[in-house]
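Please open the model in your viewer and keep the sequence panel visible. The tour below proceeds by selection, with a note on what is found at each stop.

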Amino acid sequence: MKKHLLLSFASISLFCSLANAQAGSLDLTFGISGIASCPVGTARDDAQDMIIDANGKIVVVGFSEVTTTNFNFSAARFNSNGTLDATFGTGGTTIINTGNGGDEAYSVAIDGSGRIYIAGLIWNGIIRNLGIVRLTSNGLPDNTWDGDGV
C-alpha cells in the first residue's frame, strides 16, 4: 500500500488555511477536505521540505522508495488549490535518479529563473555524501547543469 506525503501536505493545508479559515482549522476548499497528498514512489514517500514558488504553486520535496533498498530524491508540485500540477514532472510528481542506496532529500530552494534545487544525502556505495540536484521549472533534471542535473 502506498503511503502519502501527508505530513507536509497537512502543513501546507494549515498554511493555506490561514487566509481562508479560522485559526487552527483546515481550509476545506484546499485539496480534499483541507489535505493534499499523492503517491510518488513504489511504497514509502517521506516529505521533508516545501516552498511556494513565484506563481503560488507549492513544491514539496523528500525521498521515495524505488525498491526496498533504494530511495531517491522526489518532488511534487501542487496548484494553490491543492490539486497536482500536471505540468510538473510526470503528472505532478518526479523521482530523480540519484543512484542506488539510501538517498534522502531534505531541503528545497527556487532561484529567480524558477529552477528548483534539492539538497540532501546521496549514497556513494560506502557512505552518504552531501548532494544537490537541479530541476527545470517543469520538474525535469536540468541536463545543462553538471551534464545530468545531479
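Begin by selecting Ile 118. Discounting residues up to four places away in sequence, Ile 118 touches Val 61, Phe 73, Ala 75, Ile 96, Ala 105, Ser 107, Val 108, Gly 131, Ile 132, Val 133 and Leu 135, a contact being heavy atoms within 4.5 Å.

A word on the source is due here. This is a predicted model, in which local features need pLDDT of at least 70 and side-chain atom pairs count only at pLDDT 80 or more, while totals for chains, interfaces and linings use all residues. Residues are numbered from 1 along each chain as its sequence is written, and side-chain values use heavy atoms, with hydrogens and water left out.

Next, select Val 61, Phe 73, Ile 96, Val 108, Ile 116, Ile 118 and Leu 135. These are the residues with the most contacts inside the largest nonpolar core, which has 13 residues. Such a core is a set of buried Ala, Val, Leu, Ile, Met, Phe, Trp, Tyr and Cys residues joined through side-chain atoms within 4.5 Å; buried means under 20% relative accessible area, exposed over 50%, and partly exposed in between (1.4 Å probe, protein chains only). Two or more residues of this core come from each of β2, β3 (70-78), β5, β6 (116-123) and β7 (128-135). The largest share, three residues, is supplied by β6.

A second, separate core of nine residues can be located through Ala 36, Val 40, Ile 58 and Ala 76, which are among its members.

Now colour by secondary structure. The chain contains one helix and seven strands, taken as DSSP runs numbered from the N terminus (helices H or I, at least four residues; strands E, at least two). Their order from the N terminus is α-β-β-β-β-β-β-β.

Then show the side chains of Phe 63, Phe 71 and Tyr 106, which form one aromatic cluster. The structure holds three aromatic pairs; rings of Phe, Tyr and Trp (its six-membered ring) pair if their centres lie within 6.5 Å, with planes under 30 degrees apart counted as stacked, over 60 as edge-to-face and the rest as tilted. Phe 63 and Phe 71 pair edge-to-face, at 6.0 Å centre to centre and 75 degrees between the planes. Phe 63 and Tyr 106 are also edge-to-face, at 6.1 Å and 65 degrees. This second pair links distant parts of the chain, 43 residues apart: Phe 63 lies in strand β2 (residues 58-67) and Tyr 106 in strand β5 (residues 104-110).

Which of these rings are buried, and which is partly exposed? Phe 63 is buried at 4% relative accessibility, and Phe 71 is buried at 14%, whereas Tyr 106 is partly exposed at 36%.
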